[in-house]
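Student: I would like a close look at a single part of this protein, worked outward from one residue. Please keep to what can be read from the model.

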Amino acid sequence: MGTVTCFGEALIDFLNTGAKQEGPIRIPEFRQFPGGAPANVAVAISKLGGEAAFAGQVGNDTFGLFIKQALEDYQVDTTNLVLHPSAKTALAFVFLDDQGERSFEFFRTNTADLLLTPLDVKDRWFIDTDIFHFCSNTLTDTAIAETTRVAITKARHQGCLVSFDVNLRHNLWPNGQADIKAVTDCFSQVDLIKVSKDELDYLEPAGEKAFVQAAIAQGVKTVLITDGGNTIKVLAKGVYSEITPPKTTVVDTTAAGDAFTGGFLFALSEQSDIRKTLGDQEKLEELVLFASKCGAFTVARQGAFTALPTLDDLAPED
């Protein structure tokens with residue numbers, strides 16, 4: 001079994017769980033959950049029985065210590081989680097509509113996760129790492145984007161397979177829209193891309209074929225395209241498959257994509273030859289179907305870490 005190191009932001013998700021009438025106004029109510037896409041992926045892998053580590057930075061504050069403890073409670077290796085002495089931990093307020101779909105308000109200006117420098121990226125992160133995973137939330141400003149590029153370069157130099165979940169959050173970017181070039185410039189340095197249909201349409205208005213051809217031309221081995229509860233597409237050189245995810249009742253889509261990604265990376269890490277697997281249609285279909293079950297389980301529950309499945313949760317009922 002290989003080890004997956006997830007790099008990037010860990011933050012607090014304050015999930016809106018309802019509202020209470022107080023005199024003439026309704027007061028929103030929130031529950032505090034540990035979160036952040038790469039942190040969610042690390043926990044997803046660990047809960048399934050995989051070997052996961054998290055690399056990043058949080059504040060040495062109540063929220064940061066809560067996240068660190070939560071990761072450790074789920075057996076994620078936090079050796080490479082840095083506690084910044086003064087910068088605060090990032091916060092996200094998550095609002096749900098009647099269909100369980102999310103909208104976000106982020107408090108992430110000069111927070112600890114953005115202040116990780118290239119000098120903080122240590123060679124030891126990658127010594128025992130088979131898969132290095134990141135997402136676009138560490139590309140949102142110049143400094144943390146440079147740190148991300150250094151981490152990717154070191155990972156590749158160490159021989160790690162590099163996984164990229166596009167995971168666009170437009171309101172984290174300075175002008176309110178993701179920088180397409182900043183995202184697509186990473187493609188030449190990654191082996192695996194997971195992207196939603198909406199994200200693909202934003203990044204490449206010419207459509208799926210143009211997106212995938214450009215990615216594979218830059219060296220990407222496999223592209224996974226999700227579309228909510230609709231068909232998942234699996235594309236690689238000589239590979240095209242469509243996987244139908246299981247039906248489920250959606251309660252909260254928080255961490256749905258992270259559950260899918262974590263499930264896929266867990267299953268991939270168990271393969272004897274992870275690089276060969278990225279070009280094996282039958283194996284890819286098997287891994288994506290498993291990952292889709294992880295996502296379906298998660299959206300039927302509230303929160304992130306707490307909603308992610310174990311293998312027992314996914315076992316068929318007698």
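Leaving aside its neighbours within four places in sequence, which residues is Val-288 in contact with?

Tutor: This is a predicted model. Beyond four places in sequence, the contacts of Val-288 are Leu-224, Ile-232, Val-234, Ile-243, Phe-260 and Phe-264.

The secondary structure around these contacts comes next. Val-288 lies in helix H10, residues 281-299. Helix H10 packs on a sheet and touches strand E11 (222-226), strand E12 (232-236) and E13. The direction of H10 makes about 30 degrees with that of E13. Strand E13 covers residues 239-243. Phe-260 and Phe-264, two of the contacts of Val-288, bring in helix H8, which spans residues 256-269.

Helix H8 has 14 residues, and the distance from its first C-alpha to its last is 20 Å, close to the 20 Å expected at 1.5 Å a residue. Of these 14 residues, 13 are buried, so H8 is mostly covered.

Val-288 also belongs to the largest nonpolar core, which has 49 residues. Val-288 is among the members that touch the most others, along with Ile-45, Phe-54, Leu-71, Phe-264, Leu-265 and Leu-268. The element that gives the most to this core is H8, with seven residues. A second core is separate from this one; its 47 residues include Phe-104, Ala-155, Ile-193 and Val-212.

The sheet under H10 is open and has nine strands, in the order E5-E4-E1-E8-E9-E10-E11-E12-E13, with mixed pairing. Strand E13 and strand E5 (77-84) are its edge strands; each has a single partner, so one side of each is left without a neighbour in the sheet. Ignoring direction, neighbouring strands are turned against each other by 15 degrees on average. Within this sheet, strand E9 (residues 161-165) and strand E10 (residues 192-196) run parallel and are joined by three bridges. Ser-163 stands opposite Leu-192 there. Helix H4 (residues 142-157) also packs on this sheet, touching strand E1 (3-7), strand E8 (131-135) and E9, and its direction makes about 160 degrees with that of E8.

Leu-71, another of the core members with the most contacts to other members, leads to the other sheet. Leu-71 falls within helix H2, residues 62-73, which touches E2, E3 and E6. That sheet is open too, with four strands in the order E3-E2-E6-E7 and mixed pairing. The E2 and E3 pair is antiparallel over 11 bridges, and Leu-15 stands opposite Arg-31 in E3. These two strands form a hairpin with two residues between them, and Gly-23 in the turn has a positive phi of about 60 degrees. By contrast, E2 (residues 11-22) and E6 (residues 91-96) run parallel, joined by four bridges.

One last point concerns H10 again, since Cys-294 falls within residues 281-299. Cys-294 is buried, at 0% relative accessibility. The closest cysteine sulfur to that of Cys-294 is in Cys-6, 14 Å away, which is too far for a bond. Cys-135 is likewise buried, with a relative accessible area of 1%, and its sulfur lies 9.8 Å from the closest cysteine sulfur, in Cys-6, also too far for a bond. The structure holds zero disulfides.

Conventions
Residues numbered from 1 in each chain as written. Predicted model: local features only at pLDDT ≥ 70, side-chain atom pairs only at ≥ 80, totals over all residues. Heavy atoms only, no water. Pairing = 2+ DSSP bridges. Contact = heavy atoms within 4.5 Å. Axes fitted to C-alpha atoms, helices over the stretch in contact; angles between N-to-C directions. Expected span 1.5 Å × (residues − 1). Buried < 20%, exposed > 50% of the residue type's maximum accessible area, 1.4 Å probe, protein only. Disulfide = S-S within 2.5 Å. Core = buried A, V, L, I, M, F, W, Y, C linked by side-chain atoms within 4.5 Å.
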